[in-house]
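Visitor: I'm new to this one and would like a close look at a single part of it. Could you walk me through it slowly?

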Amino acid sequence: MPLTRVSLLKGKPPEYRKAILDGLYQAMREAFGVPEDDRFMLIEEVDKSNFDYGENYLGIARDDDLVIVQITVNNTRGTEQKKALFARIAEILSKTPGIRPENILVNLLEVPKENWSFGNGIAQYG
């Protein structure tokens, strides 16, 4: 069960934001085998005064179209699957909604399976 949080500057239209969420979900389904309907995603739009980033960190030229993606997942996937996810996200989002790959920052947070409750006060995986 991924929990996906996306942060970007305010001002993008709803279709742009939806394309990001749809693309992330597609990439997770393909690279991580996420089941159908396992979709829990949030977008946070922030003011420029609350959005700070390294414009050239690691030699990657970023601008204000930067999209920061943080995905919390079970700690069950290997390095190759993670690399495949990163590549697939960049590939999909560069096509729709047209984000430069340099402006896609992804961070995975891995947690034990028992750290989830999907509702009813039950640890469904624990």
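Visitor: Here is the spot I'm curious about: in which loop is Pro-97 found?

Guide: Pro-97 is found in the loop between helix H2 and strand E4, which covers 104-111. Keep in mind that we're looking at a predicted model. With a relative accessibility of 25%, Pro-97 counts as partly exposed, because buried would take a value under 20% and exposed one over 50%.

Now look at what Pro-97 touches. Leaving out residues up to four places away in sequence, its contacts are Tyr-16, Ala-19 and Ile-20. Helix H1 spans residues 14-32, so those partners belong to a helix by the run of residues that defines it. There is also a distance to note here: Pro-97 and Asp-22 are 75 residues apart along the chain, and their C-alpha atoms are separated by 10.0 Å.

Let's stay with H1 and bring in H2, the helix that comes before our loop. H2 runs over residues 79-95, and it packs against H1 at an angle of about 145°, with the two axes 9 Å apart. The crossing of H1 past H2 is right-handed. On the H1 side, the contact includes Ala-19 and Ile-20, along with others such as Gly-23, Leu-24 and Met-28. Remember that Ala-19 and Ile-20 are touched by Pro-97 as well. On the H2 side, you'll find Leu-85, Ile-89, Ile-92 and Leu-93 among the residues taking part. If you sort the residues of this contact by type, you get 12 nonpolar, 3 polar and 3 charged.

From H1 we can move on to strand E1, residues 3-9, where Thr-4 sits. Thr-4 is buried, because its relative accessibility is 0%. Its contacts beyond four places in sequence include Leu-24 and Met-28, two residues that also take part in the contact between H1 and H2. Thr-4 touches Phe-40, Met-41 and Leu-42 too, as well as Val-69, Gln-70 and Ile-71. Strand E2 covers 40-46, and strand E3 covers residues 67-74.

E3 is worth a pause at Asn-74. This residue counts as buried, because its relative accessibility is 8%. Its side chain makes a polar contact with the side chain of Trp-116, at 2.6 Å. Beyond its neighbours within four places in sequence, Asn-74 is also in contact with Met-1, Tyr-125 and the run Glu-110, Val-111, Pro-112 and Lys-113, among others.

Between E2 and E3 there's another loop, and Arg-62 lies in it. Arg-62 is buried, because its relative accessible area is 13%. Its side chain reaches the backbone oxygen of Tyr-57 at 3.2 Å. Among the other residues Arg-62 touches are Tyr-53, Glu-55, Glu-102 and Asn-103. As for Ile-43, it is 19 residues from Arg-62 along the chain, and the C-alpha atoms of the two are separated by 20 Å.

Finally, step back to the whole chain. It has 2 helices and 4 strands, arranged along the sequence as β-α-β-β-α-β. Its radius of gyration is 15 Å, close to the 14 Å that the globule rule gives for 126 residues, so the chain is as compact as a globular protein of that length. The C-alpha atoms fill a box of roughly 40 × 30 × 25 Å along the principal axes. Buried residues account for 35% of the 126 in the chain. And of the contacts with a separation of 6 or more, 72% join residues 24 or more positions apart.

How values were computed
Residues are numbered from 1 along each chain as its sequence is written. This is a predicted model: local features need pLDDT of at least 70, side-chain atom pairs count only at pLDDT 80 or more; totals for chains, interfaces and linings use all residues. Side-chain values use heavy atoms; hydrogens and water are left out. Buried means under 20% relative accessible area, exposed over 50%, partly exposed in between (1.4 Å probe, protein chains only). Contact means heavy atoms within 4.5 Å. Axes are lines fitted to C-alpha atoms, for helices over the stretch in contact, and angles run from 0 to 180 degrees between N-to-C directions. A crossing is left-handed if the near helix is turned anticlockwise from the far one by less than a right angle, and right-handed if clockwise. Ala, Val, Leu, Ile, Met, Phe, Trp, Tyr, Cys and Pro count as nonpolar, Asp, Glu, Lys and Arg as charged, and the others, Gly among them, as polar. A polar contact is a pair of N or O atoms within 3.5 Å; within protein, one must be able to donate a hydrogen and the other to accept it, and residues adjacent in sequence count only if both atoms are side-chain atoms. The radius of gyration is taken over C-alpha atoms; the globule rule is 2.2 Å times the number of residues to the power 0.38.
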